Amino acid sequence: MHGGRVVAKAFKKLGVDYVFTLCGGHVMSIYDGCLDEGIGVVDVRHEQSAAHAADGWARVTGKPGVVIVTAGPGLTDAVTGVATAWRANIPLICIGGQAPRAFQDMGGLQDMNHVDLMRPITKWATSVPNSKRLGEYVATAFRIATTNVPGPVFLEMPIDFLFDIVDDDDAEIHDNFVTGAGVGP
């Protein structure tokens, strides 16, 4: 299966009903995976709207919101919505595309340092290191976003990882990886 399907399978195991996005080429395979898994893809007209919609979804449902944006300006447009979730302690998963790993820092399409941009307004910001770990990183992001004081997280996913073919046996998609622990008296 392709990397986008790995991401969608992880979403399904974690109870994701909808993702909010502005369609972008870097993350296109995630949409295919979501459709295969029966996850609704809510496509809006601006990435800021997508991030605010994911924040609103989390506030209304009590489930983490998921926003998916393309690289570069797609992510910078989502910053306001992610920052709003950060200030309000809302669990939000922000997935951002990235140029192919082999061409990062070489002027690839919309290539920029997304992780450093997102670090001040998230509980965790990182780049997935390879396609086999996409599902593992999604589960970890949900755990971090929902454990203790809730808040947004950011996962950068290079396009080559999302279109890479991963054997079903090699895709790490964890069950029961999210804890119910939180802040309590």
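In this predicted model, N148 has a relative accessibility of 47% and therefore counts as partly exposed, since exposed residues are those over 50%. N148 lies in the loop between α6 and β6, just after α6, and takes a positive phi of about 55° although it is not a glycine. A positive phi of about 55° is also found at N89, which is likewise not a glycine. The position of N89 is in the loop between α4 (residues 73–88) and β4, and with a relative accessibility of 36% N89 counts as partly exposed.

The helix that precedes N148, α6 (residues 134–146), has 13 residues, for which a rise of 1.5 Å a residue gives an expected span of 18 Å, because the expected span is 1.5 Å times one less than the number of residues. The end C-alpha atoms of α6 are 19 Å apart, which agrees with that expectation. Of the 13 residues of α6, 11 are buried, so the helix is largely enclosed by the rest of the structure. Among these buried residues are L134, G135, Y137, V138, F142 and I144, together with the polar residues E136 and T140. The elements that cover the buried residues of α6 include α1, β3, β4, β5, β6 and α7 (residues 159–163).

The helix α6 also contributes to the largest nonpolar core, which has 30 residues, and with 7 residues α6 provides the largest share of this core. At least two residues of the core are supplied by each of α1 (residues 3–13), α2 (residues 28–37), β3 (residues 65–69), β4 (residues 92–98), α6 and β6 (residues 152–158). Within the core, the residues that touch the most other members are F11, I30, I68 and M157. When residues up to four places away in sequence are not counted, F11 touches V16, V19, I30, C34, I39, V66, I68, I95, V138 and F142; V138 and F142 are among the buried residues of α6. A second core, separate from the one just described, has 20 residues and includes F20, A51, A85 and V115.

Aromatic rings were then examined, and a search of the whole structure finds 4 aromatic pairs. One of them is formed by F20 and W57, whose rings are 6.2 Å apart from centre to centre with 50° between the planes, an arrangement described as tilted. This pair links distant parts of the chain, since F20 is in strand β1 (residues 18–21) and W57 is in helix α3 (residues 47–61), 37 residues apart. With a relative accessibility of 8%, F20 counts as buried, whereas W57, at 21%, counts as partly exposed because buried residues are those under 20%. F20 and W57 also belong, together with Y18, to one aromatic cluster.

Another pair is formed by W124 and Y137, in which the ring centres are 5.8 Å apart and the planes meet at 20°, so the pair is stacked. W124 lies in strand β5 (residues 124–127) and Y137 in helix α6, so the pair ties together parts that are 13 residues apart in sequence. The two partners fall on opposite sides of the 20% limit for burial, because W124 has a relative accessible area of 22% and is partly exposed, whereas Y137, at 14% relative accessibility, counts as buried.

Definitions and conventions
Residues are numbered from 1 along each chain as its sequence is written. This is a predicted model: local features need pLDDT of at least 70, side-chain atom pairs count only at pLDDT 80 or more; totals for chains, interfaces and linings use all residues. Side-chain values use heavy atoms; hydrogens and water are left out. Rings of Phe, Tyr and Trp (its six-membered ring) pair if their centres lie within 6.5 Å; planes under 30 degrees apart count as stacked, over 60 as edge-to-face and the rest as tilted. Helices (H or I, at least four residues) and strands (E, at least two) are DSSP runs, numbered from the N terminus. Buried means under 20% relative accessible area, exposed over 50%, partly exposed in between (1.4 Å probe, protein chains only). A nonpolar core is a set of buried Ala, Val, Leu, Ile, Met, Phe, Trp, Tyr and Cys residues joined through side-chain atoms within 4.5 Å. Contact means heavy atoms within 4.5 Å.
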